[in-house]
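Colleague: Let us go through this chain step by step. Please explain each term when it comes up.

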Amino acid sequence: MNDIWVIQLLHLMMLCLFLDKSWMHTPEALAKHFIAYNAKFLGNTEVDQPKGTEVVRDAVRKLKFQRHIKKSEGQKIPKVELQISIYGVKILDPKTKDVQHNCQLHRISFCADDKTDKRIFTFICKDSESNKHLCYVFDSEKCAEEITLTIGQAFDLAYKKFLESGGKDVETRKQIGSLQKRIQELETENSELKKHLQTLEEQLSNAQNIFDMVPFSPVAPLVPLPASNASPPPPPARPAEIRKDLFGAEPFDPFTCGAADFPPDIQSRLDEMQEGFKMGLTVEGTVFSLDPLDGRC
């Protein structure tokens with residue numbers, strides 16, 4: 001997994017060198033704050049694949065066509081504010097600052113700007129609720145390439161932060177979880193064995209009491225056995241379920257342990273982040289070959 005990410009990070013670095021671009025912002029600006037851009041939001045649409053130039057080209061064509069129809073009806077393209085940081089790309093209303101969309105970086109798999117139209121850029125993000133891949137398309141003020149590189153830099157920093165915060169130990173935590181589950185199974189098995197042992201001890205104690213009540217005597221008559229059709233004696237009552245072991249401790253339960261032991265909900269989020277980062281972010285400068293939008297929209 002680490003080798004794959006080394007290749008992907010090298011790909012991003014080579015892309016920046018090819019474009020004669022370095023990261024445009026300091027790590028602190030994206031880690032402690034955010035970079036804001038103003039743009040017009042053409043909308044989003046579902047796509048079949050998480051990556052691909054043809055995929056975003058079709059999405060841009062579709063959304064531009066829809067916007068031309070709405071323009072003929074007198075509707076303007078809504079303006080939005082983009083806030084890019086290591087925590088994601090937020091799309092807000094520029095006046096009220098209400099968050100319209102919050103795209104986490106590990107869910108963004110493809111980002112591209114149009115080399116024939118410096119205003120248009122797009123990215124593909126996996127929706128957190130429906131798990132569908134949505135393509136977001138924007139019309140920026142001739143800074144599409146800058147926004148694309150900023151998202152790429154934020155993704156790079158977010159992945160490094162994920163590793164530093166313990167993401168590289170996800171597999172180790174899975175193994176620990178498996179061991180904890182095995183310990184729980186052994187504790188349950190041990191509890192069952194202790195109950196069975198207690199039952200055997202009670203049966204042995206009852207048998208000793210019978211021998212004590214009828215001592216052996218060579219002149220005493222033999223005690224007759226009950227008839228074969230007589231009802232057998234009721235089995236000894238099973239003790240109540242033991243909730244503590246011999247030392248008075250509760251059985252081990254990995255799902256009621258402290259926060260440091262990663263309960264299932266946190267573990268599932270870590271797994272989901274690992275899968276998203278594993279897919280990686282492809283940053284491209286591509287040619288959509290589409291008519292530019294009217295800047296007065």
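Colleague: Leaving aside neighbours within four places in sequence, which residues is F123 in contact with?

Modeller: The model is predicted, so local features need pLDDT of at least 70 and side-chain atom pairs count only at pLDDT 80 or more, while totals for chains, interfaces and linings use all residues. Residues are numbered from 1 along each chain as its sequence is written, and side-chain values use heavy atoms, with hydrogens and water left out. Contact means heavy atoms within 4.5 Å. With neighbours within four places set aside, the partners of F123 are V89, C103, I108, F110, C111, L134, C135, Y136, F138 and I151.

Colleague: Which residues have the most contacts inside the largest nonpolar core?

Modeller: A nonpolar core is a set of buried Ala, Val, Leu, Ile, Met, Phe, Trp, Tyr and Cys residues joined through side-chain atoms within 4.5 Å. Buried means under 20% relative accessible area, exposed over 50%, and partly exposed in between, with a 1.4 Å probe and protein chains only. The largest such core has 36 residues, and those with the most contacts inside it are L82, F123, Y136, F138 and I151.

Colleague: Which element gives the largest share of this core?

Modeller: Helices (H or I, at least four residues) and strands (E, at least two) are DSSP runs, numbered from the N terminus. The largest share is 9 residues, and the element they come from is helix α4, residues 144–164.

Colleague: How many residues are in the other core, which lies apart from this one?

Modeller: Its members include V55, F110, I120 and C135. The count for this other core is 14 residues.

Colleague: Are the rings of F121 and F138 stacked or edge-to-face?

Modeller: Rings of Phe, Tyr and Trp (its six-membered ring) pair if their centres lie within 6.5 Å; planes under 30 degrees apart count as stacked, over 60 as edge-to-face and the rest as tilted. By this rule the chain has 5 aromatic pairs. For F121 and F138 the centres are 4.9 Å apart and the planes are at 10°, so the pair is stacked.

Colleague: How many residues apart are F121 and F138?

Modeller: F121 lies in strand β6 (residues 120–126) and F138 in strand β7 (residues 133–140). F121 counts as buried because its relative accessibility is 0%, and F138 counts as buried because its relative accessibility is 0%. This pair links distant parts of the chain, with a separation of 17 residues.

Colleague: At what angle are the ring planes of F123 and Y136?

Modeller: Both F123 and Y136 are buried. F123 is in strand β6 and Y136 in strand β7, 13 residues apart. Their ring centres are 5.1 Å apart, and the pair is stacked because the planes are at 20°.

Colleague: Which residues do ring pairs link into a cluster?

Modeller: F121 and F138 form one stacked pair, and F123 with Y136 another. The cluster linked by ring pairs is F41, F121, F123, Y136 and F138.

Colleague: What distance separates the end C-alpha atoms of helix α3?

Modeller: The expected span of a helix is 1.5 Å times one less than its number of residues. For the 20 residues of helix α3 (residues 53–72) this comes to 28 Å. The distance between the end C-alpha atoms agrees with that span: 29 Å.

Colleague: Which residue of helix α3 forms a salt bridge with E54?

Modeller: A salt bridge is a side-chain nitrogen of Lys or Arg within 4 Å of a carboxyl oxygen of Asp or Glu. The partner of E54 has its closest N and O atoms at 2.4 Å. The two are separated by about one helical turn because they are 3 residues apart in α3. The partner counts as buried because its relative accessibility is 15%, and it is R57.

Colleague: Which residues are linked with D113 in a network of salt bridges?

Modeller: The side chains of E145 and K115 meet at 3.7 Å, N to O. E145 lies in helix α4 and K115 in the loop between β5 (108–114) and β6, so the pair ties together parts that are 30 residues apart in sequence. K115 counts as partly exposed because its relative accessibility is 28%. The network joins D113 with K115 and E145.

Colleague: Which residue forms a salt bridge with R119?

Modeller: R119 lies in the loop between β5 and β6, and its partner is in strand β7, 20 residues apart. Both are buried. The closest N and O atoms are 2.9 Å apart, and the partner is D139.
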